[in-house]
Amino acid sequence: MITPPDAPHSDIALAVRDMLRANGEATQGLARRLGVGVTDAIALDHLLSSPDGLGPTELGHRLGIRSPSATTLVDRLEAAGHARRVPHPSDRRRQTVVAADHTHQRAVEALLPLLQRIEAAAARMTPDQATAATAFLHEVTRAMLDYARQP
């Protein structure tokens, strides 16, 4: 993430920047552990976060890729056994892409060492620190989502 020279440089803003950079590297690590590319790992995250699945076009929009590329990605995930196409629940002409049954378990197993370290760090906080950190992270999340949605 690029920080302009005149941007605020508080310790906490720099820590958020470092965390965002580390998130990108963690995504690469997850992709490596699952034996997929980074874009495929991000696609699987979207599918695992969408219990009803996503249409290939919607998945492509979320990834910022065009429809033909999304179709190729879904084909690749399906061939690797990570996803499957199912009929859309309300429109028989459409298909929905869902994560394969074992994919959630594999992702959790791959992420477990990271999740355990995050929980250990959280456990060292006092209740007041945890409340403040949670509120701060939610506010940063909202700011990032608002930024992402702006034209």
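**Reading helix crossings**

Me: Is the crossing of α1 and α5 left-handed or right-handed?
Reply: The crossing of α1 and α5 is right-handed: the near helix is turned clockwise from the far one, by less than a right angle (anticlockwise would be left-handed). This is a predicted model, where local features need pLDDT of at least 70 and side-chain atom pairs 80 or more, while totals for chains, interfaces and linings use all residues. Residues are numbered from 1 along each chain as its sequence is written, and side-chain values use heavy atoms, without hydrogens or water.

Me: At what angle do α1 and α5 pack?
Reply: Axes are lines fitted to C-alpha atoms over the stretch in contact, with angles from 0 to 180 degrees between N-to-C directions. Helix α1 (residues 11-34) packs with α5 at about 135°, and their axes are 10 Å apart. The two are therefore oblique to each other (under 35 degrees is roughly parallel, over 145 roughly antiparallel, 65 to 115 roughly perpendicular, the rest oblique).

Me: And how do α1 and α6 cross?
Reply: Their axes come within 13 Å and cross at roughly 70°, so α1 is roughly perpendicular to α6. Here, too, α1 passes α6 in a right-handed crossing.

Me: Where is L114, and how accessible is L114?
Reply: L114 sits in helix α5, residues 101-123. Its relative accessibility is 39%, so L114 counts as partly exposed (buried is under 20%, exposed over 50%, partly exposed in between).

Me: What about L145?
Reply: L145 lies in helix α6, residues 127-149, and is partly exposed because its relative accessible area is 40%. L145 and L34 are 111 residues apart along the chain, with 27 Å between their C-alpha atoms.

Notes:
Helix = DSSP H or I, 4+ residues; strand = E, 2+ residues; numbered from the N terminus. Buried < 20%, exposed > 50% of the residue type's maximum accessible area, 1.4 Å probe, protein only.
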